[in-house]
Amino acid sequence: MIRILTTLSLIALTATGCDLGLGPSLEGEWEGELSCGGGGYADESFDMVVELERDQDVYEGDGEIDLGTYEGVDLRFDFSIELEKDEPRGEQELDADLDDCSFHMDGDSDSISDCSVDEVEWDGEDEIVAEVPYFLGLDWSCEIVLER
């Protein structure tokens with residue numbers, strides 16, 4: 001009887017998507033928007049995708065922001081991101097580091113050394129919200145909302 005209960009408990013834990021003690025995972029594809037406004041610029045929203053994989057206690061991945069087309073030139077912003085949970089589960093602020101940021105224009109790219117994200121909040125399930133100061137060096141107030 002004990003074996004049956006233990007087996008059923010393990011099946012229930014893995015079926016709910018828990019990482020056996022680490023709580024819900026941030027792994028997977030996250031999609032959403034980067035919405036910016038202020039600083040004398042027109043309000044804009046851009047499609048965004050982030051793909052995360054877990055490596056020990058850290059989630060690493062790559063992201064892309066589609067900045068659209070300007071005068072026939074495709075614009076894109078790419079980056080690498082590292083996220084770390086402070087608690088195993090529940091609503092919380094995530095530690096976030098951006099790296100390898102680059103701005104792409106029709107095949108050409110420029111590295112951006114100063115890219116950051118502030119106040120990354122996770123609802124503990126399927127939504128991440130973050131603030132982005134001075135996106136692309138502009139005096140823009142930007143917010144990221146990602147869902148999976």
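Helices and strands here are DSSP runs, numbered from the N terminus. With that settled, let's go. This is a predicted model.

First, the layout. The protein chain has one helix and nine strands. Reading from the N terminus, the order is α-β-β-β-β-β-β-β-β-β. The chain has 148 residues, and buried residues make up 30% of them. Now contacts across the sequence. Take those between residues at least 6 apart: 46% of them join residues at least 24 apart.

Next, two aspartates. Start with Asp86. Where does Asp86 sit? Its place is the loop between β4 and β5, and β5 covers 92-105. Asp86 is partly exposed, because its relative accessible area is 46%, and partly exposed runs from 20% to 50%. Leave aside neighbours within four places in sequence, and Asp86 is in contact with Gln92, Glu93 and Asp95. Asp57 is also worth a look. Asp86 and Asp57 are 29 residues apart in sequence, yet their C-alpha atoms are 9.8 Å apart in space.

Now Asp78. This one is in strand β4. Is Asp78 buried or exposed? Asp78 is buried, because its relative accessible area is 17% and the cut-off is under 20%. What does its side chain pair with? One polar contact goes to the side chain of Arg76, at 2.9 Å. Another joins the side chains of Asp78 and His104, at 3.0 Å. His104 turns up again in the contact list. Beyond four places in sequence, Asp78 is in contact with Gly63, Glu64, Asp100, Cys101, Ser102 and His104.

On to the core. In soluble globular proteins, nonpolar side chains tend to be buried together. Here the largest nonpolar core has 31 residues. Which residues have the most contacts inside it? Leu26, Leu34, Ile65 and Phe135. The elements that give two or more residues to this core are β1 (28-38), β2, β3, β4, β5, β7 (118-122), β8 and β9. Strand β4 gives the most, with five residues.

Stay with Ile65 for a moment. Not counting residues up to four places away in sequence, Ile65 touches Leu34, Phe46, Asp47, Met48, Leu75, Arg76, Phe77, Phe79 and Phe135. Note Leu34 and Phe135 in that list. Both are also among the residues with the most contacts inside the core. Arg76 is in the list too, and Arg76 is the side-chain partner of Asp78 at 2.9 Å.

Last topic, pockets. The largest pocket has a volume of about 360 Å³. It is lined by 26 residues, and the closest to its centre are Leu98, Ser116, Val117, Val132 and Ile144. The elements that give two or more residues to this lining are β2 (41-55), β4 (73-84), β8 (127-133) and β9 (141-147). How does the lining of the largest pocket divide? Into 23 nonpolar residues, two polar and one charged.

The second largest pocket has a volume of about 150 Å³. Its lining is Phe46, Leu67, Thr69, Tyr70, Leu75, Phe103, Leu136, Leu138 and Trp140. Strand β3, residues 58-70, supplies the largest share of that lining, three residues. By class, the lining of the second largest pocket has eight nonpolar residues, one polar and no charged. Phe46 and Leu75 line this pocket, and Ile65 touches both Phe46 and Leu75.

That's the tour. Over to you.

Notes: Residues are numbered from 1 along each chain as its sequence is written. This is a predicted model: local features need pLDDT of at least 70, side-chain atom pairs count only at pLDDT 80 or more; totals for chains, interfaces and linings use all residues. Side-chain values use heavy atoms; hydrogens and water are left out. On a 1 Å grid over the protein atoms alone, a cavity is a set of points where a 1.4 Å probe fits but cannot get out, and a pocket is an open set with protein on both sides within 12 Å along at least five of seven lines; lining residues have an atom within 4 Å of a point. Grid points are joined across faces, edges and corners, and a volume is the space filled by probe spheres set on the points. Helices (H or I, at least four residues) and strands (E, at least two) are DSSP runs, numbered from the N terminus. Ala, Val, Leu, Ile, Met, Phe, Trp, Tyr, Cys and Pro count as nonpolar, Asp, Glu, Lys and Arg as charged, and the others, Gly among them, as polar. Buried means under 20% relative accessible area, exposed over 50%, partly exposed in between (1.4 Å probe, protein chains only). Contact means heavy atoms within 4.5 Å. A polar contact is a pair of N or O atoms within 3.5 Å; within protein, one must be able to donate a hydrogen and the other to accept it, and residues adjacent in sequence count only if both atoms are side-chain atoms. A nonpolar core is a set of buried Ala, Val, Leu, Ile, Met, Phe, Trp, Tyr and Cys residues joined through side-chain atoms within 4.5 Å.
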